[in-house]
Amino acid sequence: MPDPTRHARRYATRFTIGMATYVVLLVVALLAADRLDGIARMLVMLLPVPGVLLVAWALWRYLVDADEMVRRDQLVSLALAFGLGSIITFTYGLLQLAGAPELGWVWVFPVYAGCWLLAHLVQTLRNR
């Protein structure tokens with residue numbers, strides 16, 4: 001049986017490496033994009049994607065290595081987050097049609113990530 005503390009530390013390390021990679025590459029991309037145009041600008045803006053992939057891999061490894069209870073809780077949290085995130089993004093899309101300020105696609109992930117965090121907190125409190 002895997003040690004839950006060790007398992008959580010491995011996930012935290014992998015997640016931190018992924019997020020640090022994302023942040024560094026995002027800063028590089030934003031600074032470089034100001035000096036470029038056209039296809040070069042588009043390509044440089046893809047630089048942060050490997051960091052996001054590392055974060056996704058960290059989560060996948062966490063779930064693969066986790067016990068059934070952790071997997072169930074994460075599945076419930078993800079399902080709740082997907083529903084809430086879909087409601088938020090759909091509702092704002094309707095508001096945009098009515099004249100609300102345009103928001104770019106870059107905001108979709110933070111909405112879903114925030115919903116996931118909120119759903120995970122709710123699920124954690126429910127289990128107490």
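A residue is classed as buried under 20% relative accessible area, as exposed over 50%, and as partly exposed in between. By this criterion, methionine 19 of the predicted model is partly exposed, because its relative accessible area is 33%. Methionine 19 is located in helix α1. Its C-alpha atom is separated by 16 Å from that of leucine 117, a residue 98 positions away along the chain.

Helix α1 comprises residues 4-33. For its 30 residues, a rise of 1.5 Å a residue gives an expected span of 44 Å, and the C-alpha atoms at its two ends lie 42 Å apart, in agreement with that expectation. Within α1, the buried positions include His7, Gly18, Ala29 and Ala33. The cover over the buried residues of α1 includes helix α2 (38-44) and helix α3.

Side chains of opposite charge can pair when their charged atoms come close. Across the whole structure, three salt bridges were found. One of them joins the side chains of arginine 14 and aspartate 65, with an N to O distance of 4.0 Å. Arginine 14 belongs to helix α1 and aspartate 65 to helix α3 (residues 49-65), so this pair ties together parts of the chain that are 51 residues apart in sequence. Arginine 14 counts as partly exposed, because its relative accessibility is 22%.

Aspartate 65 also forms a salt bridge with arginine 61, at an N to O distance of 2.8 Å. Both of these residues lie in helix α3, where a spacing of four residues corresponds to about one turn of the helix. An α-helix has 3.6 residues a turn, so residues three or four places apart point the same way. Arginine 61 is likewise partly exposed, with a relative accessible area of 22%. Arg14, Arg61 and Asp65 are thus linked in a network of salt bridges.

A further salt bridge is formed by arginine 72 and aspartate 73, whose closest N and O atoms are 3.2 Å apart. The partners fall into separate accessibility classes: aspartate 73 is buried, at 12% relative accessibility, whereas arginine 72 is partly exposed, with a relative accessible area of 40%.

How values were computed: Residues are numbered from 1 along each chain as its sequence is written. This is a predicted model: local features need pLDDT of at least 70, side-chain atom pairs count only at pLDDT 80 or more; totals for chains, interfaces and linings use all residues. Side-chain values use heavy atoms; hydrogens and water are left out. Buried means under 20% relative accessible area, exposed over 50%, partly exposed in between (1.4 Å probe, protein chains only). The expected span of a helix is 1.5 Å times one less than its number of residues. Contact means heavy atoms within 4.5 Å.
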